[in-house]
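Me: I have a structure open and would like to go through some of its labels with you. Could you show how each one follows from its definition?

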Amino acid sequence: MRKVYRISDISIVDFPFFKESNGSLLVMESGSVVPFEIARVFFVKADAGAVRGNHAHYECFQLLQCNNGSIAITCNDGNESVDYILDASNQGLLIPPGIWASQTYTDNNSSLLVLCDQPFSEADYIRNYDEYLQYREDIN
């Protein structure tokens with residue numbers, strides 16, 4: 001049986017960040033900073049007004065980090081919704097499976113890094129919101 005995650009299971013992750021006169025270093029390591037083994041990494045780049053995401057996963061944990069610009073993230077568990085703003089590269093948003101997420105890019109040339117604990121599988125995606133609500137009802 002799958003664990004049922006809720007809005008309260010979403011968390012902010014602080015990445016170690018070291019700034020020096022000649023640049024900065026941001027650390028993302030499996031196990032210590034990232035709370036899972038990283039199986040997939042991808043970037044999404046978009047301009048202001050673009051809406052991406054609009055899906056949930058059955059199994060995949062995702063850790064989102066905005067490394068340029070600003071991105072508004074809306075998360076929904078079928079009963080409750082919460083909004084986050086990612087605009088600091090030293091913070092990420094950990095989204096567990098079963099949470100519907102949508103990203104709205106609020107600055108031009110915004111870039112989102114996504115770390116996943118699962119390799120890509122189309123079967124892991126719930127892309128229709130009505131089907132998502134039915135899934136949430138079925139697992140509760």
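Reply: Happy to. Strands here are DSSP runs of E with at least two residues, numbered from the N terminus. His55 lies in such a run, strand β5, which covers residues 51-57. Keep in mind that this is a predicted model.

Me: Why is His55 called buried?

Reply: Buried means under 20% relative accessible area. His55 has 14% relative accessibility, so the label buried applies.

Me: What makes the pair His55 and His57 a polar contact?

Reply: The cut-off for N or O atoms is 3.5 Å, with one able to donate a hydrogen and the other to accept it. The side chains of His55 and His57 are joined at 3.3 Å, so they fall within that limit. His55 also touches residues further along the chain, including Gln62, Trp100, Tyr125 and Arg127.

Me: Which residue in strand β5 has a positive phi although it is not a glycine?

Reply: That is Asn54, with a phi of about 55°. Asn54 is found in strand β5. Asn109 also has a positive phi, of about 65°, and is not a glycine. Asn109 is found in the loop between β10 and β11.

Me: Why are Asn54 and Asn109 called partly exposed?

Reply: Partly exposed is the class between under 20% and over 50%. Asn54 has a relative accessible area of 34%, and Asn109 comes to 39%. Both values lie in between, so both residues are partly exposed.

Me: How do you know that Cys66 is in no disulfide?

Reply: A disulfide needs two cysteine sulfur atoms within 2.5 Å. The closest cysteine sulfur to that of Cys66 belongs to Cys75 and is 14 Å away, so it is too far for a bond. Cys75 is in no disulfide either, as its nearest cysteine sulfur, that of Cys60, is 14 Å away. The structure holds 0 disulfides. As for accessibility, Cys66 is buried at 1%, and Cys75 is buried at 0%.

Me: What makes Tyr58 and Tyr135 an edge-to-face aromatic pair?

Reply: The count comes to 6 aromatic pairs. In the pair of Tyr58 and Tyr135, the ring centres are 5.0 Å apart and the planes are at 85°. Centres must lie within 6.5 Å, and planes over 60 degrees apart count as edge-to-face, so this pair meets both conditions. It links distant parts of the chain, with Tyr58 in the loop between β5 and β6 and Tyr135 in helix α1, 77 residues apart. Tyr58 is partly exposed at 25%, whereas Tyr135 is buried at 10%.

Me: How do you know that Trp100 and Tyr129 are edge-to-face too?

Reply: Their centres are 5.1 Å apart with 75° between the planes. That angle is over 60 degrees, so the label edge-to-face holds. Trp100 sits in strand β10 and Tyr129 in helix α1, 29 residues apart. Trp100 is buried at 9%, while Tyr129 is partly exposed at 30%. Trp100, Tyr129 and Tyr132 form one aromatic cluster.

Me: What makes Arg127 lie over the face of Tyr125?

Reply: For a charge over a ring, CZ of Arg must be within 6 Å of the ring centre and within 35 degrees of the ring normal. Arg127 is at 4.1 Å from the ring centre of Tyr125, so the distance condition is met. The charged end of Lys3 likewise sits over the ring of Tyr5, 5.0 Å from its centre.

Methods: Residues are numbered from 1 along each chain as its sequence is written. This is a predicted model: local features need pLDDT of at least 70, side-chain atom pairs count only at pLDDT 80 or more; totals for chains, interfaces and linings use all residues. Side-chain values use heavy atoms; hydrogens and water are left out. Buried means under 20% relative accessible area, exposed over 50%, partly exposed in between (1.4 Å probe, protein chains only). Helices (H or I, at least four residues) and strands (E, at least two) are DSSP runs, numbered from the N terminus. Contact means heavy atoms within 4.5 Å. Rings of Phe, Tyr and Trp (its six-membered ring) pair if their centres lie within 6.5 Å; planes under 30 degrees apart count as stacked, over 60 as edge-to-face and the rest as tilted. Lists of a residue's contacts leave out its neighbours within four places in sequence.
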